[in-house]
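Open the model in a viewer and keep the sequence panel visible. The tour below goes from one selection to the next and says what is found at each stop.

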Amino acid sequence: MKFNHWGRILFYTFLFSLFLRVVFFALLNDFPFLYIQSLDEKYYIELGKKIAGGFLLGEDKLFFMDPFYGYFLGLFFFLFGDNLTTIRLIQILLDSLNVILIFAISQRVWDRKVGFTAALIYAVYNVSFYYTLTIMKATLAVTGML
């Protein structure tokens, strides 16, 4: 596969973004607050387990929150089991792909230099590092909006 100059820069920015997020996850792997689930996280995990278990409606009543993330979890729980580390790694990959999406949008609106600058800023944006590790819809929502 052959990349032009900007393609190589973008690819290395993506890898840098992925590296930073994986290192952040490795550093926080033993951090207890990462494994204490909030009410929203518990809801989505249980919804994902129900969907992965074959109950495709998800709930037998109105959904408490928007169900798309629960179906996302259900798919990956079905494929890989209900291991939250797998979900976190998938979210890290999605969040790193946001760098490419930000570059693509920014270069269309302005130019490639602005696109690269925006992508680099997001690559090192530490708030996104944290939210990729939560079992919440934030990463999926940002990727979906981009």
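**Stop 1: the contact of H2 with H3**

In this predicted model, select Tyr-44, Ile-45, Leu-47, Gly-48, Lys-49, Ile-51 and Ala-52 in H2, which meet Tyr-69, Gly-70, Tyr-71, Leu-73, Gly-74, Phe-77 and Phe-78 in H3. By class, the residues of this contact are 10 nonpolar, three polar and one charged.

Now show both helices in full: H2 covers residues 39-52 and H3 covers residues 68-80. Their axes lie 7 Å apart and the packing angle is about 55°. H2 is therefore oblique to H3, as the angle falls outside the parallel, antiparallel and perpendicular ranges. The crossing of H2 and H3 is right-handed.

**Stop 2: helix H1**

Select residues 5-28, helix H1. Place a distance between its end C-alpha atoms: they are 35 Å apart, which agrees with the 34 Å that 24 residues should span at 1.5 Å a residue.

Which residues of H1 are buried? Colour Gly-7, Leu-10, Thr-13, Phe-14, Ser-17, Arg-21, Phe-25 and Leu-28; these are buried. Next, show what covers the buried residues of H1, including helix H4 (84-109), helix H5 (112-123) and helix H6 (126-131).

**Stop 3: Thr-139**

Move to helix H7, residues 138-145, and pick Thr-139. Is Thr-139 buried or exposed? Its relative accessibility is 2%, so Thr-139 counts as buried, the cut-off being under 20%.

To see its surroundings, select Gln-91, Leu-94, Asp-95, Tyr-131 and Thr-132, which Thr-139 touches when residues up to four places away in sequence are not counted.

Conventions: Residues are numbered from 1 along each chain as its sequence is written. This is a predicted model: local features need pLDDT of at least 70, side-chain atom pairs count only at pLDDT 80 or more; totals for chains, interfaces and linings use all residues. Side-chain values use heavy atoms; hydrogens and water are left out. Axes are lines fitted to C-alpha atoms, for helices over the stretch in contact, and angles run from 0 to 180 degrees between N-to-C directions. Helices (H or I, at least four residues) and strands (E, at least two) are DSSP runs, numbered from the N terminus. Angles under 35 degrees count as roughly parallel, over 145 as roughly antiparallel, 65 to 115 as roughly perpendicular and the rest as oblique. A crossing is left-handed if the near helix is turned anticlockwise from the far one by less than a right angle, and right-handed if clockwise. Contact means heavy atoms within 4.5 Å. Ala, Val, Leu, Ile, Met, Phe, Trp, Tyr, Cys and Pro count as nonpolar, Asp, Glu, Lys and Arg as charged, and the others, Gly among them, as polar. The expected span of a helix is 1.5 Å times one less than its number of residues. Buried means under 20% relative accessible area, exposed over 50%, partly exposed in between (1.4 Å probe, protein chains only).
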